[in-house]
Amino acid sequence: MKQYEFWFVVGSQFLYGPEVLETVEVRAREMAAELSRVLPYPLVYKVTAKTNKEITDVVKEANYRDECAGIITWCHTFSPSKMWINGLAALQKPWLHFATQYNKEIPNDEIDMDFMNLNQAAHGDREHGFIGARLRKPRKVVAGYWQDEKVHKRIADWMKAAVGVAVSKEMKVMRFGDNMREVAVTEGDKVEVQTKLGWQVNTWAVGDLVKEMNAVTDEEVDALYNEYLASYDLNTDNTAAIRYQAKEEIAMKKMLDREGCHAFTNTFQDLYGMEQLPGLASQHLMAQGYGYGGEGDWKVSAMTAILKAMGEGGNGSSGFMEDYTYHLVEGQEYSLGAHMLEVCPSLAADKPRIETHHLGIGMNEKDPARLVFEGKAGRGIVVSLIDMGGRLRLIVQDIEAVKPIMPMPNLPVARVMWRALPDLTTGVECWITAGGAHHTVLSYDVTAEQMRDWARMMDIEFVHIGADTTPEKLEEELLVKDLVWKLK
Ligand code: MN
């Protein structure tokens with residue numbers, strides 16, 4: 001993964017004299033250094049801005065530097081906002097307005113007008129907030145004391161969302177074959193996603209992948225086979241199927257890396273020249289951070305790669321998922337999610353098992369090897385990006401995953417069981433009303449707030465279904481958003 005950093009830009013002015021400006025800079029450097037220790041990405045102090053030119057210059061530089069994933073601004077003193085207009089108007093990177101102050105307490109004895117002039121974030125942040133609102137710039141506002149852990153968590157979460165923006169802008173998706181025939185929700189406007197999200201979505205021939213597979217050596221297969229055995233439990237004696245998956249993975253990875261693609265799709269309807277649909281191969285690629293979408297679903301594939309990059313350590317616990325079937329017993333209402341093979345092992349509660357089973361769907365000549373496991377229990381989200389025609393809608397639903405309540409010994413695929421919020425049936429009604437797809441990204445370590453941040457930075461519609469959502473409120477919200485997004 002690329003090394004990202006964030007820039008700390010502090011607002012002030014000449015009015016208070018050089019001593020105050022020196023103090024502001026010393027404190028800003030101290031804060032950036034301290035925050036860099038506790039945040040997932042470095043916060044680099046850049047400037048105590050006093051002029052239009054200083055602000056415009058740092059923004060130009062931030063726009064240009066690939067490693068800069070966003071800027072964090074703060075006003076230690078009052079910073080007149082007309083000098084921010086040119087810079088902020090030109091800003092193309094994510095922006096967080098940090099409403100904090102250096103001192104935690106108002107010092108009863110010490111406080112005088114000098115102290116007030118130096119420590120007036122409450123004053124400066126309002127002027128700074130006005131210009132953000134006036135310019136209609138997408139921004140995150142985080143308020144709180146800069147040494148507070150809760151504040152650190154919120155900035156950390158936003159940083160990861162901003163890294164999701166950087167990853168999105170460079171996203172290239174490799175499609176092997178087209179979308180599954182006749183399916184609507186996996187379609188979409190590739191020009192629109194490139195314009196809005198930066199994604200380059202293009203196709204490569206399955207025949208070229210087969211050629212690449214034929215060029216894979218036995219030594220390469222041996223090495224990856226051993227890696228599989230080191231990572232997973234073996235629950236099949238069909239070594240040939242596992243080795244075939246290794247060959248598929250090696251060939252796909254070579255093509256992906258050669259083209260700079262970080263996500264891919266395939267479809268069971270187009271496996272010409274291949275014996276097995278890639279199962280274990282796709283799962284192990286996802287474990288390495290690549291996005292995947294089944295049935296040619298390039299939107300979910302790119303989103304999988306982006307959520308993974310937003311997760312823990314830049315490759316978190318997120319994966320391609322599909323809603324399959326419900327358990328509707330009163331008091332035990334759950335969704336069962338899986339896919340025909342390709343569930344990411346980062347979702348697993350325990351060490352996955354390699355198994356081979358017959359797969360009736362598609363043109364598999366041989367039984368594909370795949371990883372089988374149960375998903376983790378815990379809070380999470382499911383995410384769906386849909387094309388509404390003229391705009392993109394991102395739908396995020398909060399979920400509570402559980403250890404599957406039954407072993408399902410004859411189910412030959414990895415499975416995750418969860419309850420959608422606010423409850424299963426209301427959650428399903430809301431999801432369907434919003435048009436959410438059957439394919440999602442399921443994540444245990446990315447939150448709805450982070451996806452809201454991401455959608456704001458990407459300037460796309462965001463719909464959140466959570467504990468407080470009712471079908472009635474949601475319907476009204478969708479009606480209003482439909483009008484707003486037609487006007488935008
Ligand atoms: Mn599917």
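This section describes the metal site, a sheet, a helix and the aromatic pairs of a predicted model.

The manganese ion has four residues around it in the model: Glu295, Glu322, His339 and His439. The two glutamates, Glu295 and Glu322, coordinate through OE atoms. The two histidines, His339 and His439, use NE2. Distances to the ion run from 1.9 to 2.2 Å. Along the sequence, the donors follow the spacing E-x26-E-x16-H-x99-H. His339 and His439 link distant parts of the chain, as they lie 100 residues apart. His339 sits in the loop between strand S12 (334–338) and strand S13 (353–356). His439 belongs to strand S18 (residues 439–443). Both histidines fall under the 20% limit for burial. His339 counts as buried because its relative accessibility is 1%. His439 is likewise buried, with a relative accessible area of 2%.

Strand S13, which follows the loop of His339, also takes part in a sheet. The sheet is open and has three strands, in the order S8-S13-S14. Its pairing is mixed. Strand S8 (233–234) and strand S14 (369–372) form the edges. Each of these edge strands has a single partner, so one side of each lacks a neighbour in the sheet. In general, strands of a sheet pair through backbone hydrogen bonds, in parallel or antiparallel fashion. S13 and S14 run antiparallel and are joined by four bridges. Ile354 has Leu371 of S14 as its bridge partner. Helix H11 (residues 280–287) lies across S13 and S14. The helix H11 runs at about 50 degrees to S14.

Helix H8 (residues 206–214) has a buried side and an exposed side. Val206, Leu209, Val210, Glu212 and Met213 are buried. These residues cover an arc of only 160 degrees around the axis, so they lie on the same side of H8. Lys211 and Asn214 are exposed on the other side. The buried residues of H8 pack against two strands and a helix: strand S6 (172–176), strand S7 (200–204) and helix H10 (239–259).

Aromatic pairs were searched for across the whole structure, and seven were found. One of them joins Phe6 and Trp158. The ring centres of Phe6 and Trp158 are 5.5 Å apart, and the planes meet at 55 degrees. The pair is tilted. Phe6 and Trp158 come from distant parts of the chain, 152 residues apart. Phe6 is in strand S1 (residues 5–11), and Trp158 is in helix H6 (residues 149–169). Phe6 counts as buried because its relative accessibility is 0%. Trp158 is buried as well, with a relative accessible area of 1%.

Tyr292 and Phe320 form an edge-to-face pair. The centres of these rings are 5.4 Å apart. Their planes stand at 80 degrees, over the 60 degrees required, so the pair is classed as edge-to-face. Tyr292 lies in strand S10 (residues 291–293) and Phe320 in strand S11 (residues 318–327), 28 residues apart. Tyr292 is buried at 0% relative accessibility. Phe320 is buried, also at 0%. Strand S11, which holds Phe320, spans residues 318–327; the manganese donor Glu322 falls in that range. Phe6 and Trp158 also belong to a cluster, in which ring pairs link them with Tyr41.

Definitions and conventions. Residues are numbered from 1 along each chain as its sequence is written. This is a predicted model: local features need pLDDT of at least 70, side-chain atom pairs count only at pLDDT 80 or more; totals for chains, interfaces and linings use all residues. Side-chain values use heavy atoms; hydrogens and water are left out. Donors are N, O and S atoms within 2.8 Å of the metal (3.2 Å for Na, K and Ca); water is not among the atoms, so sites may look incomplete. Buried means under 20% relative accessible area, exposed over 50%, partly exposed in between (1.4 Å probe, protein chains only). Two strands pair if DSSP finds at least two bridges between them. Contact means heavy atoms within 4.5 Å. Axes are lines fitted to C-alpha atoms, for helices over the stretch in contact, and angles run from 0 to 180 degrees between N-to-C directions. The arc is that of the directions from the helix axis to the C-beta atoms. Rings of Phe, Tyr and Trp (its six-membered ring) pair if their centres lie within 6.5 Å; planes under 30 degrees apart count as stacked, over 60 as edge-to-face and the rest as tilted.
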